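User: Please take a close look at the ligand site and describe how the protein surrounds the ligand.

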Amino acid sequence: MATTEQGSAILARTGAEFLAGLAADGDREIWIGGECVANPLDHPLLRTGAEAIARVYDAQHAHAEVCLAPSPDDGRLVNRTHLIPRSREDLERRRASMEVISAVTGGMMGRVPDYLNVTFACFAGASEVWARRGNERGAANLVAYQRLMRDRDLSTTHAIMNPVADRSKPETEQLGGEIALHKVGETAEGIVVRGARMLATLAPFADEISVYPGSDLRPGDEAYALAFALPMSTPGLRFICRDSFAKPTSTFDYPLSARFDEMDAVVVFDDVVVPHDRVFLDGDVVGYSEVITDSGWRGHIMHQAFTRAYVKLLFAFGLGHVMAETTGVVRFDHIQEKLGQLWNMAELTRCALVACEADSYLDDHGVWYPHDRPLMALRGEMPKWLPRAHELLQLIGGGSFMATPSEADFNSPIRGDIEKYFMAGNADAERRVRLFRLAWDYIGSDLGGRSELYERFYLSDSWRMTQLAYRTADKTAAVDLVEQFLHD
Ligand SMILES: Cc1cc2nc3c(=O)[nH]c(=O)nc-3n(C[C@H](O)[C@H](O)[C@H](O)COP(=O)(O)OP(=O)(O)OC[C@H]3O[C@@H](n4cnc5c(N)ncnc54)[C@H](O)[C@@H]3O)c2cc1C
């Protein structure tokens, strides 16, 4: 085990330790392009994503004073996002750590391990919610699992939605109830589950997959009320990936796609046995919604998600600003207004994060809760803001996105033409082309398109989340303002 210069033991993994873990776990069933891949490190289009996650693990050591903290159990150093927050300072320090990690990918990888670290820390902090209606064993399993995630510093994917077959019916009735993940039996070892879930982002680069509630169930749907976690190489687990958007050939040509395709997969559970000690919820349809609504998950996950969104908006602002300065369009009023819009979105996101920490409080479970009011206001807006950032960058960049010869062109006999005709007022040809290729990778490449879709849907859609913000809003002060004029 590694130690710090001061001699503290470190449980937080390095990139090399993460990659060694993947290399040793070569028995997965990951399908991509008609090929079954047992280990992502063996596939040229998957390897880059694994290497990006390795850089994330390295970053926590490079910024150890921000990202690592003593475990409450034994003082060994773990990633801060695994800790259950017990004070406002804990939330502030957690945000600083998540900012460092998000910056490694410019916010392009939404599901770095922080996402599930925060989720399971909050679930474990509210374990009594999981224990309701006689589920003490499931709750104890969950607490033990969160400690395992923390101490082994796992990379975890999750799949909480059932596949879309026919949204006009409840999920459990779609195609005879066979599509949605459900329990089909029980053995001495564990429960047996069948069906599918979507989407498991990061799946090829995860050590474990977790399943927890993501939709409503009704009485009678007990077989569908499941939460559990499994190693990725569990027999019967099959991951069906979309096309790879990784372009590992050149970081000049594809600065983001060459590095940061986090991959999305549908997961098929082909009569998978979930060991009893990995089952957190089994058959409680009421608990299925309560573990989301009553555990504090809403505030904690938005604290992580919007920290990453802040970094990504700041990246968009930086791209817009540098592009506009490079080509000189920054002198136009409407370009400055568009740059101002990008800055506004980033700054308002930062303000909401600061506000949620300023108003944070100790909740009924003894966990320090980031006040969800400013985060709820953002939750409906962010799926619109990040796509709007793509649109604003298009409007700032114009045709320059297409004046982007490749690295091979730079190394060809036409280099002289490129150096002459692709230079900008404030940059030589190479800098200008690199910049616009980077910005196109952010908004317009396969990866950029996927990124826009991700932002629209990864935390449910804007419409339902704005509706939820309205439904849960405290309306007292607003109504009082009206009422005072309705009576003489
Ligand atoms: C790139 C990407 C990565 C993702 N990663 C993950 C992941 O790692 N883990 C995970 O669990 N999930 C992940 N998701 C899935 C995400 O949780 C869902 O996409 C999201 O909840 C929306 O569900 P859906 O895709 O089934 O869309 P659908 O439900 O099919 O929605 C299609 C349209 O119908 C509308 N609609 C659907 N139902 C209703 C309704 N009841 N009322 C009103 N309108 C409705 C939607 O607003 C949308 O406009 C990811 C999604 C994307 C796009």
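Analyst: A polar contact is here a pair of N or O atoms within 3.5 Å. The model is predicted, and the distances below are computed from it. By that cut-off, a nitrogen atom of the ligand meets the side chain of Arg464, with an N or O atom there at 3.4 Å. An oxygen atom of the ligand lies 3.1 Å from an N or O atom in the side chain of Arg111. At Ile160 the partner is a polar backbone atom, 2.7 Å from an oxygen atom of the ligand. The ligand taken alone exposes 950 Å², of which the protein buries 72%.

The ligand sits in the largest pocket, and 18 residues surround it. The closest of these are Ile160, Arg167, Leu199, Thr201 and Asp461. Ile160 thus belongs to the closest residues and also offers the backbone atom described above. By character, the shell around the ligand comprises ten nonpolar, six charged and two polar residues.

As to where the shell comes from, helix H15 (446-457) and helix H16 (462-472) each supply at least two of its residues. H15 gives the largest share, four residues. At the level of domains, the shell draws on domain 2 (156-289) and on domain 3 (296-483), and the ligand therefore lies between them.

In summary, the ligand occupies the largest pocket, between domain 2 and domain 3, with polar partners in the side chain of Arg111, the backbone of Ile160 and the side chain of Arg464.

Note on methods. Residues are numbered from 1 along each chain as its sequence is written. This is a predicted model: local features need pLDDT of at least 70, side-chain atom pairs count only at pLDDT 80 or more; totals for chains, interfaces and linings use all residues. Side-chain values use heavy atoms; hydrogens and water are left out. A residue is near a molecule or strand if one of its heavy atoms lies within 4 Å of it. A polar contact is a pair of N or O atoms within 3.5 Å; within protein, one must be able to donate a hydrogen and the other to accept it, and residues adjacent in sequence count only if both atoms are side-chain atoms. Accessible areas come from the Shrake-Rupley method with a 1.4 Å probe; for residues, only the protein chains shown count as cover. On a 1 Å grid over the protein atoms alone, a cavity is a set of points where a 1.4 Å probe fits but cannot get out, and a pocket is an open set with protein on both sides within 12 Å along at least five of seven lines; lining residues have an atom within 4 Å of a point. A molecule sits in a cavity or pocket if more than half of its atoms lie within 2 Å of its grid points. Ala, Val, Leu, Ile, Met, Phe, Trp, Tyr, Cys and Pro count as nonpolar, Asp, Glu, Lys and Arg as charged, and the others, Gly among them, as polar. Domain bounds come from an automatic or database domain assignment.
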